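The following exercises are intended to be worked through with the sequence and the coordinates at hand. Each task is followed by a stepwise solution.

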Amino acid sequence: MSINDRLTEHLNRGTVGFPTALASTIGLIMASPVILTATMGFGIGGSAFAVAMLIAVVMMLAQATTFAEAASILPTTGSVYDYINCGMGRFFAITGTLSAYLIVHVFAGTAETILSGVMALVNFEHLNTLAESVGGSWLLGVGFVVVFGILNIFGVSAFGRAEIILTFGMWTTLMVFGVLGLIAAPAVQLDGWFGESLVGTDLITILSLVGMAMFMFVGCEFVTPLAPDLRQSARVMPKAMILGLLSVATCMFIYGAAMKRQVENVLLDAASGVHLLDTPMAIPKFAEQVMGDIGPIWLGIGFLFAGAATINTLMAGVPRILYGMAVDGALPKVFTYLHPRFKTPLLCIVVVMLIPCLHALYLGGNADNIMPLVLAAVCAWSFAYLLVTLSVVILRIRRPDLPRAYRSPFFPLPQIVSSIGILLGMWFITPPGMNPADIYIPFGVMLGCTAVYALFWTLVVQKVNPFKPALVEDVLAKEFSYEPGKHHNDYLDHAAKTV
Amino acid sequence: MSLASITTIISTMLQKLSELFSASRAPAGYRPGVTLEHLRRNLGLASFEQTELTVARASLDDGSLQLEIVERTESQLLMHLVMTEFVLRVPATREGMASFELHHTGSVRRTGIRCRQHAGDAALLVGLEAGLLADSMLQQALMPLDFKRLRIDLQARQWCVRLEHMGGSEVVNRMPAFRRYIALSREQRDWLLESLSGLQRVLRTL
């Protein structure tokens, strides 16, 4: 069978349909850092933040077409790693993948750990007072990490049967509050839908808000590793990404407009210039305004479950992945240690537990540190996006012969738009009033460490040329060989030749 | 719209909802047979035949051990695990029903093997423990083996051993979406086959 036939068969087969793909692109919408970023963004920027969001949507739509083309050439579970490996070689592939997932988790995972407790408890006044008196509500997030870590050490799986209910619950909660906030009588007199900007409306200010706006949309590529599982993925994937981005944008616009209409952005601290919408305290105010006494309770329970479930997923999945890497020799042998009785990867679970907890403790659970963490995560994500775009462009030029079930339209315009947008977003990522060093230094250090590791791994351990791109045919052959009943790589003989 | 058609629509909706929330529903993104295929490569047995999408039969090259390997899933939020279970059936020399579970002892290091009886004649537990102790090769194979669960059941004059190993499993995450197959290493594969052969030896004489 030729590569084209095998690829077409592979792209059409699958067990997952459009709804799952769509859910994967927008599943993070209820994550606490995303909601806080939206609240802060609309609070300080008003209509300027809405424009920044529009710019971010256009950039991300352009980026989505690039990801969709990459996934149609390489419908593999390796996704980002394979795209970059085929375009630019292993060094960039390892650096880009670790940047997209590991560094983002170090920053965004810590933000989630600190915020999940804060966002939940801030809705319950008495509980919040009690939590603050014993050290702060952010400790609840650390508690989640520890509890779910311990449960996983004992081999107990939480939330096993609640996936659909939870994801559906997160969705409807945000939409219901947003729509009700819009149709209810406004509590604040606003100029326009999103109100005035507190930081100006000039181009530089808008560009400095694009980084924050991008955080609401990054993650749309999370659907791409699903490509081998999707039915008709060449058609479904771009549709899911585009509809997902538009759905998130719509939801956030509704939420932002509702929040600004219902909550007065009063100045809380004249010395530091902190306003109500810069803090999580805006959430219960908004909930109460929209739905009375029941509002904060509903939203509080929603955040509680969303935070707990997100953290549990991390605790259940990541340690097993570390264990698998150690079995394969990619990590030290000590990570293969299993608890004698429960046979759980104890050391891996402890490491995964410690990273966000120690990082959160180091930051003292200070909510002021959340935004630099979020923006450093955006830088890491953006860097990986740039590498994927470059790889897709390189493959178009070097391998025009490759079968592409989906081609990014108007090539290379979307790639130019998204790359320029991302570069500008990274350059102007510091919002007014924030120190650029708080964002660039942690990001730069982490990226540098990742690059050194990638160079060491490729040169010393794998002993390969770090900059030699992999053959698309080889990567596909490996992916196809794991299909049930396909015991031989019989397609290789007929594979398209490198031009 | 007639009452009958409304009833039909409601019952169809209820049926679909019941399927959606059913415990037996396959997790989204589950690819039946893919983990088995990975495991087939790790086992490297000449005789490995996939009888169903999620079930395979395998045997040692000399035919002394015949196994059934079954894939099963465990759902989590936006992720699932795919595990494989090795099933060994041995004819029993006696009637009755019994159920045992084996696990390692120790809090930091493995210090031994403990056999717990869930049901059945207590005399069988004594026999099984004696058999396990007497077979030093089986002991040597079981101690380093990373099994998550090991269950032995007696029913209808047949012993059934069900062993789930830590390797030969897959983590499928949907947020962010990635897969990771946890390989069954060469040493673990050898200990696994040695353990199953040893259990077959012990159970035949019990």
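A residue is buried if 20 or more other C-beta atoms lie within 10 Å of its own, exposed if 12 or fewer, and partly exposed in between, with C-beta atoms placed from the backbone. The model is predicted: local features need pLDDT of at least 70, side-chain atom pairs count only at pLDDT 80 or more, and totals for chains, interfaces and linings use all residues. Residues are numbered from 1 along each chain as its sequence is written, and chains are lettered from A and ligands numbered from 1 in the order in which they are written.

**Exercise 1. Describe chain A as a whole.**

Step 1. Of the 499 residues of chain A, 55% count as buried.

Step 2. Helices (H or I, at least four residues) and strands (E, at least two) are DSSP runs, numbered from the N terminus. Chain A has 18 helices and 2 strands.

Step 3. Two residues are in contact if their C-beta atoms, placed from the backbone, lie within 7 Å. Among the contacts in chain A with a separation of 6 or more, 82% come from residues 24 or more positions apart.

**Exercise 2. Determine how α15(A) packs against α17(A).**

Step 1. Axes are lines fitted to C-alpha atoms, for helices over the stretch in contact, and angles run from 0 to 180 degrees between N-to-C directions. Helix α15 (residues 370–398) of chain A packs against helix α17 (residues 437–461) of chain A at about 45°, and their axes are 8 Å apart.

Step 2. Angles under 35 degrees count as roughly parallel, over 145 as roughly antiparallel, 65 to 115 as roughly perpendicular and the rest as oblique. α15(A) and α17(A) are therefore oblique to each other.

Step 3. On the side of α15(A), the residues in contact are A:Pro372, A:Leu375, A:Ala376, A:Cys379, A:Ala380 and A:Phe383. They meet A:Asp438, A:Ile439, A:Pro442, A:Phe443 and A:Leu447 in α17(A).

Step 4. An α-helix has 3.6 residues a turn, so residues three or four places apart point the same way.

**Exercise 3. Assess how far helix α2 of chain B is enclosed.**

Step 1. In α2(B), residues 34–43, 7 of the 10 residues are buried, so this helix is largely enclosed by the rest of the structure.

Step 2. The buried residues include B:Val34, B:Leu36, B:Glu37 and B:Arg40.

Step 3. B:Gly44, just after α2(B), takes a positive phi of about 60°.

**Exercise 4. Trace the pairing of strand β5 of chain B and place B:Arg114.**

Step 1. Two strands pair if DSSP finds at least two bridges between them. β5(B) runs antiparallel to β6 (residues 112–119) of chain B, with 7 bridges, and antiparallel to β7 (residues 147–155) of chain B, with 4 bridges.

Step 2. B:Glu101 has B:Arg151 as its bridge partner in β7(B), while B:His103 is partnered by B:Arg114 in β6(B).

Step 3. β5(B) and β6(B) form a hairpin with 6 residues between them, and B:Gly106 in the turn has a positive phi of about 115°.

Step 4. B:Arg114 is partly exposed, with 13 other C-beta atoms within 10 Å. The count of buried residues among the 8 residues of β6(B) is 0.
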